Amino acid sequence: CSPRFVPTGEPEVLKSIFATWNLLDAFMYQHDANRYQTGYLREIQVRRMVQLVRAPHVKTYCEVGMNGGHSVSAMLLANQNVTAHVFDLFKWKYSTPVVSLLNMTFSPERFDVHAGYSWNTLPDFVKRFRREGRTCDLILVDGGHSARAARSDITMLAPLANARTKLIVDDIGVNPGPGSVLKKLNETGKLVIEELYGPYEKDTMHNPCMRRA
């Protein structure tokens with residue numbers, strides 16, 4: 001059934017997101033206390049992503065690397081018209097329970113999961129989307145943090161970008177990793193870096209140390 005309470009303006013949306021994140025932190029800890037519960041997007045990142053996903057033309061969000069569901073839940077809360085397609089290994093003890101929780105929160109039509117390594121799951125998805133004439137309006141790449149993994153995810157998703165698609169890449173401070181891939185693609189004209197957040201020094205306001213519980 002449709003949700004009874006739906007956040008409207010951006011301040012209300014952010015409050016809903018952060019309340020949901022607290023719930024997901026606790027939910028993850030309940031199912032696997034040995035995993036990091038706060039290894040997700042930083043606050044400065046999600047605030048900007050909320051602005052991007054709320055653009056009128058954004059209907060489809062594609063995400064590689066769901067982990068505890070923080071990013072995808074934020075995007076689904078921020079835009080009630082968005083459909084999310086998520087690619088993740090779903091290998092942690094909390095993975096399946098988190099998917100079940102999100103399935104209860106958001107309708108199956110809005111939340112579509114693809115389990116397995118992205119280099120196995122993305123090709124068929126991209127082919128299907130291209131065959132159906134569909135694209136991704138907003139993309140988050142937050143899967144494997146090696147340069148090879150980031151390059152693979154970005155390259156495979158590139159055919160689904162349209163003229164207004166925005167690509168967000170997390171953990172650009174990993175060396176060598178996603179940041180080096182972005183720099184190379186920008187230098188060769190494959191993409192344009194319009195905004196850059198970080199990398200920030202550890203334990204600063206925008207890069208707080210992760211906690212376990």
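This short talk describes the fold, the nonpolar cores and a few individual residues of the chain shown above.

Good morning. The structure is a predicted model, and every value I quote was computed from it. I begin with the overall architecture.

The chain contains 7 helices and 5 strands. Read from the N terminus, the order of these elements is α-α-β-α-β-α-β-α-β-α-β-α. The radius of gyration is 16 Å, close to the 17 Å given by the globule rule for 213 residues, so the chain is as compact as a globular protein of that length. Along the principal axes, the C-alpha trace spans about 45 × 40 × 35 Å.

Several totals complete this overview. Of the 213 residues, 44% are buried. Taking contacts between residues at least 6 apart in sequence, 75% link residues at least 24 apart. The accessible surface amounts to about 11,700 Å², and carbon and sulfur atoms account for 53% of this surface. As for charge, there are 26 positive and 21 negative charges, and their mean positions lie 3 Å apart.

I turn now to the interior. Which residues of the largest nonpolar core touch the most other members? They are Tyr-61, Met-66 and Val-72, in a core of 38 residues. At least two residues of this core come from each of helix H1 (10-31), helix H2 (43-53), helix H3 (70-78), strand S2 (83-88), helix H4 (95-105) and strand S4 (136-141). The greatest contribution is that of H1, with 7 residues.

Met-66 deserves a closer look. Apart from neighbours within four places in sequence, Met-66 contacts Val-72, Val-86, Phe-87, Asp-88, Phe-90, Val-98, Val-99, Leu-102 and Phe-111. There is also a second, separate core, of 22 residues, which includes Phe-87, Phe-125, Leu-160 and Ile-172. Phe-87 thus appears both among the contacts of Met-66 and in the second core.

Next, two helices and their cover. Helix H3 is mostly covered, with 9 of its 9 residues buried. Those residues are His-70, Ser-71, Val-72, Ser-73, Ala-74, Met-75, Leu-76, Leu-77 and Ala-78.

Helix H6, residues 147-157, has as its buried residues Ala-147, Ala-149, Ala-150, Asp-153, Ile-154, Met-156 and Leu-157. In an α-helix there are 3.6 residues a turn, so residues three or four places apart point the same way. What covers the buried residues of H6? The cover includes strand S1 (60-64), helix H5 (118-131), S4, strand S5 (161-169) and helix H7 (178-187).

Just before H6 we meet Gly-144, in the loop between S4 and H6. Gly-144 has a relative accessible area of 34% and is therefore partly exposed, since that value falls between the 20% and 50% cut-offs. Beyond neighbours within four places in sequence, Gly-144 contacts Ala-149, Ala-150 and Asp-153, and these three are among the buried residues of H6. Gly-144 and Val-99 are 45 residues apart in sequence, with their C-alpha atoms 20 Å apart.

I continue with Leu-24, which is placed in helix H1. Is Leu-24 buried or exposed? Its relative accessibility is 1%, so Leu-24 counts as buried. Setting aside residues up to four places away in sequence, Leu-24 touches Gly-68, Gly-69, His-70, Ser-73, Val-98 and Leu-101. Of these, His-70 and Ser-73 are listed among the buried residues of H3. The C-alpha atoms of Leu-24 and Thr-38, which are 14 residues apart along the chain, lie 9.5 Å from each other.

Asn-103, in helix H4, is partly exposed at 35% relative accessibility. Between the C-alpha atoms of Asn-103 and Thr-20 the separation is 14 Å, across 83 residues of chain.

Finally, I note two backbone features. Where is Asn-67 found? Asn-67 sits in the loop between S1 and H3. Its phi is near 50 degrees, a positive value in a residue other than glycine. With a relative accessible area of 22%, Asn-67 is partly exposed. Asp-171 likewise has a positive phi, near 55 degrees, and is not glycine; Asp-171 belongs to the loop between S5 and H7.

That concludes the presentation. Thank you.

Key. Residues numbered from 1 in each chain as written. Predicted model: local features only at pLDDT ≥ 70, side-chain atom pairs only at ≥ 80, totals over all residues. Heavy atoms only, no water. Core = buried A, V, L, I, M, F, W, Y, C linked by side-chain atoms within 4.5 Å. Buried < 20%, exposed > 50% of the residue type's maximum accessible area, 1.4 Å probe, protein only. Helix = DSSP H or I, 4+ residues; strand = E, 2+ residues; numbered from the N terminus. Contact = heavy atoms within 4.5 Å. Rg over C-alpha atoms; globule rule 2.2 N^0.38 Å. Areas by Shrake-Rupley, 256 points an atom, 1.4 Å probe, with all protein chains shown as cover. Lys, Arg positive; Asp, Glu negative; His and termini not counted. Charge placed at Lys NZ, Arg CZ, Asp CG, Glu CD.
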